[in-house]
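Colleague: I would like a close look at one part of this model. Please take me through the place where two of its domains meet, then set that in the wider chain.

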Amino acid sequence: MNRLPCAIVIGLENAISLTIVRELGRHGVPVHGVGPASGIAAASRYCTDCTDRPSGPAADWLPDLIARTGARAVFAISETDLLDLALLPPMIGDCHILVPRAEALNQVIDKRRTLAVASAQGLLIPRTWQPMAGDDFQAHAASMPYPLVAKWANPPAVMPLLERAGLDWVKAEYVRTPDALQALLARYRPVGIWPMIQQYCSGVGLGQMLFMADGDATLHFQHRRLHEWPPEGGVSTLCRAEPRDRHGPQMALSEQLLRALGWQGPAMVEYRYDAGSDHYWLMEVNGRFWGSLPLAGHCHAHFAWEAYRRAVLGETDAAPLPRDTLRARYMVPETKRLLRLLMGGKIADPFFRARPWRDLSTYLLGFLDPRMRYYVFSFSDPRPLLRDLGQIVRKALRRDKS
């Protein structure tokens, strides 16, 4: 295989970045990582070189790194880095900055704006209230359909405000009664900002992933979340690919939504799917590489490679159809989830049904399942797993000493 121009990947700490490094490397792209040398992606055989992340905005140090490495593409993982890179031009010399543009990115980060566009496109959205100063909180609390979920419309914007006020940022809180809602709203009254209050939607997590190029999707993949950590909602720890012949009309709506948002590149449109009513409730559009990307990679839905080959190599042919029979799990948080269920830990989701012994059986039988793949473990690239396990042991030893 011919050696292709280098790509820079910013962020080396998690399974998402590891998947991107492996994906590009296996296609013959040398990868220069930016981040801590202790990151699991830095341990990959496909991370050919690594630079500690310099301080300051990317505009201060990235052009020099591009010139030094000869990189033709830059990828980033975190929302913070995406927002930073979105301020740069789409190209620096011959190097493509493969992140969403600022206008589109800000639109999907702000869930209220996403929901407004989605509603105009005919997608089903939960009933939502964004509390504002001057609202009649008591009247709204009395009229909302319970249970509810409280979550922040624009997390990157609100996190520093909460930190300065000494308040914790909580990704999602479940609210069962008007009194509980009033108490939650009162907590944030001193800072004058409140989370978005949304109707709880039952069902399973369905993610539809698309790569958009000039208004059309050139790569499709979809998966169903089976387990999450924490159990009531968070990062996917066990997921399975959904057959491509399912949810076809909804995939078309997902593409329509991304087109209306002016989206370029990869994104995941996340739903709660209720099979009984056949309703697809839109939760959000994830405009960064998502947590379950390892499953897509195992199924040969190569979203980073799709971005690279189109931008750097100028290829326009259709991406190969991915597999849709595999499943994948993220072993460390999946194990934490199982232990919490076995020990009878409290679950905030009012509809969550704990089945610890069934989950224990699923966990053990998964090691024998020929369809099972793993977020971190790879026979051909074992060092990231060894580094991950070593870090877990060191953290446990530090806790014992403290």
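Modeller: Start with the area. Domain 2 and domain 3 bury about 620 Å² between them, and carbon and sulfur atoms give 56% of that. On the domain 2 side, the residues that lose the most area to domain 3 are Pro 147, Tyr 174 and Arg 176. Together these three account for 63% of what that side buries. Keep in mind that this is a predicted model.

Now the chemistry of that side. The domain 2 residues that touch domain 3 divide into two nonpolar, two polar and three charged. Charged residues are there, then, but the rule finds zero salt bridges across the interface of domain 2 and domain 3. Polar contact between these two domains comes to one residue pair, with both residues at pLDDT 80 or more.

Next, the bounds. Domain 2 covers 128-199, and domain 3 is made of 204-302 + 317-369. Domain 1 takes 6-99. Seven residues from domain 2 and eight residues from domain 3 make the contact. The C-alpha centres of domain 2 and domain 3 are 27 Å apart.

Go back to Pro 147. This residue sits in the loop between α6 (137-143) and β8 (148-151). The peptide bond leading into it, from Tyr 146, is cis, with omega near 0 degrees. Most peptide bonds are trans. So which residue loses much area to domain 3 and also follows a cis bond? Pro 147 does both.

Another cis bond lies in domain 3. It runs from Trp 229 to Pro 230, with omega near -5 degrees. Pro 230 belongs to the loop between β12 (216-229) and β13 (235-241). Further on, between β13 and α9 (248-260), comes the loop that holds His 247. His 247 is not a glycine, yet its phi is positive, about 60 degrees.

Arg 272 is worth a stop too. It is part of strand β14 (residues 265-274). A polar atom of the Arg 272 side chain lies 3.0 Å from the backbone oxygen of Gly 203. Beyond its neighbours within four places in sequence, Arg 272 is in contact with Tyr 200, Cys 201, Ser 202, Gly 203, Val 204 and Gly 205. The contacts of Arg 272 also include His 279, Tyr 280, Trp 281 and Met 283.

Salt bridges do occur elsewhere. The search of the whole structure finds 19. One of them joins Arg 53 and Asp 81, whose closest N and O atoms are 2.4 Å apart. Arg 53 lies in the loop between β3 (47-51) and α2 (58-69), while Asp 81 is in helix α3 (residues 79-85), so this pair ties together parts that are 28 residues apart in sequence.

Last, the chain as a whole. There are 14 helices and 17 strands. The radius of gyration is 21 Å, close to the 21 Å that the globule rule gives for 402 residues, so the chain is as compact as a globular protein of that length. Along the principal axes, the C-alpha atoms fill a box of roughly 65 × 50 × 45 Å.

Conventions
Residues numbered from 1 in each chain as written. Predicted model: local features only at pLDDT ≥ 70, side-chain atom pairs only at ≥ 80, totals over all residues. Heavy atoms only, no water. Domains from an automatic or database assignment. Contact = heavy atoms within 4.5 Å. Buried area = accessible area lost by both parts, 1.4 Å probe. Salt bridge = Lys/Arg side-chain N within 4 Å of Asp/Glu carboxyl O. Polar contact = N/O pair within 3.5 Å; in protein donor to acceptor, adjacent residues only side chain to side chain. Nonpolar A, V, L, I, M, F, W, Y, C, P; charged D, E, K, R; others polar. Helix = DSSP H or I, 4+ residues; strand = E, 2+ residues; numbered from the N terminus. Rg over C-alpha atoms; globule rule 2.2 N^0.38 Å.
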